[in-house]
Amino acid sequence: LAVVVGYGPVGRTVVQLLTENGLAPSVVELNLETVRKLRQTGIQAVYGDATQPGTLVSAGIDRAVALILGAGNMTGAAEIIRLARDINPRLHGIARVNYLHEASNLKAAGADVVLTGEGEVALGMTEWVLQVLGATGEQLERERDRIRRELFGGDLAVPPEEFRRKIAQAVETSSSPAQNDDTEMIEESQN
């Protein structure tokens, strides 16, 4: 189970990826109509504020393998991460922020991975320019690594292969498999 907070463009993409790969998403969303539509498609969704422990529990954070914060301007993101970690210390967290200077706050709160809009745009532009200039795959990878070090710092980014390994281990050692409890899908947390 992966708890996804927010169902904007990033949240939708992550939920689709999880679903297509056989992983159960549970969405926390403040738009009641979105929650209803998700439930109609069979996706577990909770209406509520993720800064409230009851909302996170209703979403299944206690048995989740991952917490994904999909909005870059999410109010209370650090508090959500801290609450989630208090409930489930084994949880792996990935968060999104708009600006590089915001990333350290979420890392300090317990996020394993923090992606920034600024950093990802810089990476994308660099890749595009280097490809146009005819860079080799080796040159592209070297520049990606350099930019990640310079922009994100050593402690702000976990390489994707390391995060993938952590998630795979957590899924394998999960003491209780993800359950699709119909009462949870119907229940609305309004904490």
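**Exercise 1. Find what follows helix α7, then describe the helix.**

Step 1. Gly153 comes right after α7, and its phi is positive, near 75 degrees. A helix here is a DSSP run of H or I with at least four residues, a strand is a run of E with at least two, and both are numbered from the N terminus.

Step 2. Know your model. It is predicted: local features need pLDDT of at least 70, side-chain atom pairs count only at pLDDT 80 or more, and totals for chains, interfaces and linings use all residues. Residues are numbered from 1 along each chain as its sequence is written, and side-chain values use heavy atoms, with hydrogens and water left out.

Step 3. Take the length. α7 covers residues 137-152, which is 16 residues. From first C-alpha to last, α7 reaches 22 Å, close to the 22 Å expected at 1.5 Å a residue. The expected span is 1.5 Å times one less than the number of residues.

**Exercise 2. Sort the residues of α7: which are buried and which are exposed?**

Step 1. Use the cut-offs: buried is under 20% relative accessible area, exposed is over 50%, and partly exposed lies in between (1.4 Å probe, protein chains only).

Step 2. List the buried residues of α7: Leu140, Arg144, Ile147 and Phe152. Seen down the axis of α7, they fall within an arc of 90 degrees, so they line one face of the helix. The arc is taken from the directions from the helix axis to the C-beta atoms.

Step 3. Turn to the other side of α7. Glu138, Arg149 and Glu150 are exposed there.

Step 4. Find the partners. The buried residues of α7 pack against β6 (113-116) and α6 (117-132).

**Exercise 3. Place Met74 and name what Met74 touches.**

Step 1. Met74 sits in the loop between β4 (66-69) and α4 (77-87).

Step 2. Is Met74 buried or exposed? Met74 counts as buried because its relative accessibility is 18%.

Step 3. Leave out residues up to four places away in sequence. Met74 then touches Val5, Leu69 and Ile80. Contact means heavy atoms within 4.5 Å.

Step 4. Check a C-alpha distance. Met74 and Ala95 are 21 residues apart along the chain, and their C-alpha atoms are separated by 9.7 Å.

**Exercise 4. Count over the chain.**

Step 1. The secondary structure comes to 9 helices and 6 strands.

Step 2. Of the 191 residues, 41% count as buried.

Step 3. Take contacts between residues at least 6 apart in sequence. Among these, 58% join residues at least 24 apart.
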